[in-house]
Amino acid sequence: MTQTQERSRTFTWSDPVAGAAHVGRRGGLELLRAMIAGELAAPPVMHLIDMARMEADEGRVVVELLPQEFHYNPLGTVHGGVLSTLLDTAAGCAVHTTLPAGVGYTSLDLNVKFLRPVTVDSGTLRCEGTVLQRGRRTALAEARLTDPADRLVAHATSTCLLFPLDQPA
């Protein structure tokens with residue numbers, strides 16, 4: 001029997017309901033920029049997988065992730081679900097930047113292609129999401145995940161459903 005050294009991780013997050021209360025009251029780009037500036041709390045998932053720096057412009061979002069051991073699957077590489085979460089975040093948030101106040105969205109699908117294994121030795125990953133097309137009811141976005149050598153690690157496309165949000169009285 002081999003012995004392993006146990007590791008632990010602790011993280012904190014802010015009440016997600018408080019942040020969600022701002023959705024629909026501001027345009028998507030304004031909301032994301034307020035989050036980036038620290039005026040609004042980041043959603044808990046960003047703390048859960050330890051996403052780092054984010055930038056947002058109209059139709060474009062970039063997020064970063066430094067691969068950690070706690071991202072690993074049994075094969076000793078970063079779990080595809082972690083990479084998919086990063087891709088989904090970048091693509092969905094890129095769509096969000098194009099939405100006016102009062103309009104929400106949800107992902108209809110996420111199609112991911114994994115091209116390279118990722119480990120803690122891979123370095124900081126950069127994930128750029130861009131909107132390819134936005135209509136009245138749906139939007140199509142892509143996300144490209146690259147390593148520090150600018151090699152494509154994974155790619156995703158996402159279709160998002162756009163819908164009016166109920167406005168509080």
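D150 is a good place to start in this predicted model: with a relative accessibility of 62%, D150 counts as exposed because the cut-off for that class is over 50%. From there, the briefing moves to a second aspartate with a similar backbone feature, then to the nonpolar core, the helix α4, and a few side-chain and distance details.

**Two aspartates with positive phi**
- D150 sits in the loop that links β5 (138-146) to β6 (152-164).
- Its phi is positive, at about 65°, even though D150 is not a glycine.
- D50 also has a positive phi without being a glycine, with a value near 65°.
- The loop between α3 and β1 (51-57) is where D50 is found.
- D50 is partly exposed, as its relative accessibility is 37%.
- As background, most residues other than glycine have a negative phi.

**The annotated region**
- An unreviewed UniProt entry carries the annotation "domain: Thioesterase" for residues 76-153.
- Within residues 76-153, helix makes up 22% of the chain and strand 42%.
- The C-alpha atoms at the two ends of that stretch are 16 Å apart.

**The largest nonpolar core**
- How many residues does the largest nonpolar core have? It has 34, and the ones with the most contacts inside it are M54, V63, L87, C127 and L145.
- Two or more core residues come from each of α2, β1, β2 (60-65), α4 (80-96), β4 (125-134), β5 and β6.
- Helix α4 gives the largest share, with 8 residues.
- In general, nonpolar side chains of soluble globular proteins tend to be buried together.
- Leaving aside residues up to four places away in sequence, L145 touches L83, L86, L87, L125, R126, C127, R151, L152, V153 and A154.

**Helix α4**
- Helix α4 contains 17 residues.
- From its first C-alpha to its last, α4 reaches 24 Å, close to the 24 Å expected at 1.5 Å a residue.
- Is α4 largely enclosed or largely open to the outside? Of its 17 residues, 13 are buried, so α4 is largely enclosed by the rest of the structure.

**Aromatic rings**
- The structure holds 1 aromatic pair.
- F11 and W13 form this pair: their ring centres are 5.4 Å apart and their planes meet at 40°, so the pair is tilted.
- F11 is partly exposed, at 29% relative accessibility.
- W13 is likewise partly exposed, and its relative accessibility is 48%.
- Another ring, that of F70, has the charged end of R9 sitting over it, 3.8 Å from the ring centre.

**Positions in the N-terminal numbering and their distances**
- P43 lies in the loop between α2 (28-36) and α3 (44-48).
- With a relative accessible area of 34%, P43 is partly exposed.
- P43 and D15 are separated by 28 residues in sequence, and their C-alpha atoms are 8.5 Å apart in space.
- A18 belongs to helix α1 (residues 16-20).
- The relative accessibility of A18 is 45%, so A18 counts as partly exposed.
- A18 and D166 are 148 residues apart along the chain, and 17 Å separates their C-alpha atoms.

Methods:
Residues numbered from 1 in each chain as written. Predicted model: local features only at pLDDT ≥ 70, side-chain atom pairs only at ≥ 80, totals over all residues. Heavy atoms only, no water. UniProt positions renumbered as here; feature names shortened; annotations may be inferred. Helix = DSSP H or I, 4+ residues; strand = E, 2+ residues; numbered from the N terminus. Buried < 20%, exposed > 50% of the residue type's maximum accessible area, 1.4 Å probe, protein only. Core = buried A, V, L, I, M, F, W, Y, C linked by side-chain atoms within 4.5 Å. Contact = heavy atoms within 4.5 Å. Expected span 1.5 Å × (residues − 1). Phe/Tyr/Trp six-rings, centres within 6.5 Å; stacked < 30°, edge-to-face > 60°. Lys NZ or Arg CZ within 6 Å of the ring centre and 35° of its normal.
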